[in-house]
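Trainee: Could we go through this model together, with the reason behind each label?
Mentor: Gladly, let's take the terms in turn.

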Amino acid sequence: MPLEAGLLEILACPACHAPLKEQDTELICTGQDCGLAYPVRDGIPVLLVDEARRPA
């Protein structure tokens, strides 16, 4: 289930404050040096750095 466009516009990466983009079941940080992937569980973004997946 995609997030509402308005919600995605105001969300930012908690680690570097860059905008996020939605991809599958994750929100991906668009920051060049960050790139963390935050899970979306039951339609709710989990924006905790400890829960984020590091880029490969």
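**Labels and their reasons**

Mentor: The secondary structure of the protein consists of one helix and four strands. This is a predicted model, where local features need pLDDT of at least 70 and side-chain atom pairs count only at pLDDT 80 or more, while totals for chains, interfaces and linings use all residues. Residues are numbered from 1 along each chain as its sequence is written, and side-chain values use heavy atoms, with hydrogens and water left out.

Trainee: What makes a stretch a helix or a strand here?
Mentor: Both are DSSP runs numbered from the N terminus: helices are H or I with at least four residues, strands are E with at least two. From the N terminus on, the elements run α-β-β-β-β.

Trainee: Why is the protein called as compact as a globular protein of its length?
Mentor: Because its radius of gyration is 10 Å, close to the 10 Å that the globule rule gives for 56 residues. The radius is taken over C-alpha atoms, and the rule is 2.2 Å times the number of residues to the power 0.38. Along its principal axes, the C-alpha trace spans about 25 × 20 × 15 Å.

Trainee: What makes β1 and β2 a pair?
Mentor: Two strands pair if DSSP finds at least two bridges between them. β1 and β2 have four bridges, in the antiparallel sense. One of the bridge partnerships joins E22 to L27 in β2. In this hairpin two residues lie between the strands, and D24 takes a positive phi near 55 degrees.

Trainee: How do you know that the other strands join in?
Mentor: β2 and β3 pair over three antiparallel bridges, with L27 opposite Y38 in β3. β3 (residues 37-41) and β4 pair over two, also antiparallel, and V40 stands opposite P45 in β4. The result is an open sheet of four strands in the order β1-β2-β3-β4.

Trainee: Why are β1 and β4 called edges?
Mentor: β1 (20-23) and β4 (44-45) each have a single partner strand, so one side of each is left without a neighbour in the sheet.

Trainee: What makes both faces of β2 covered?
Mentor: In β2 (residues 26-29), E26 and I28 on one side and L27 and C29 on the other are all buried. Buried means under 20% relative accessible area, exposed over 50%, and partly exposed in between, using a 1.4 Å probe and protein chains only. Across the protein, buried residues make up 34% of the 56 residues.
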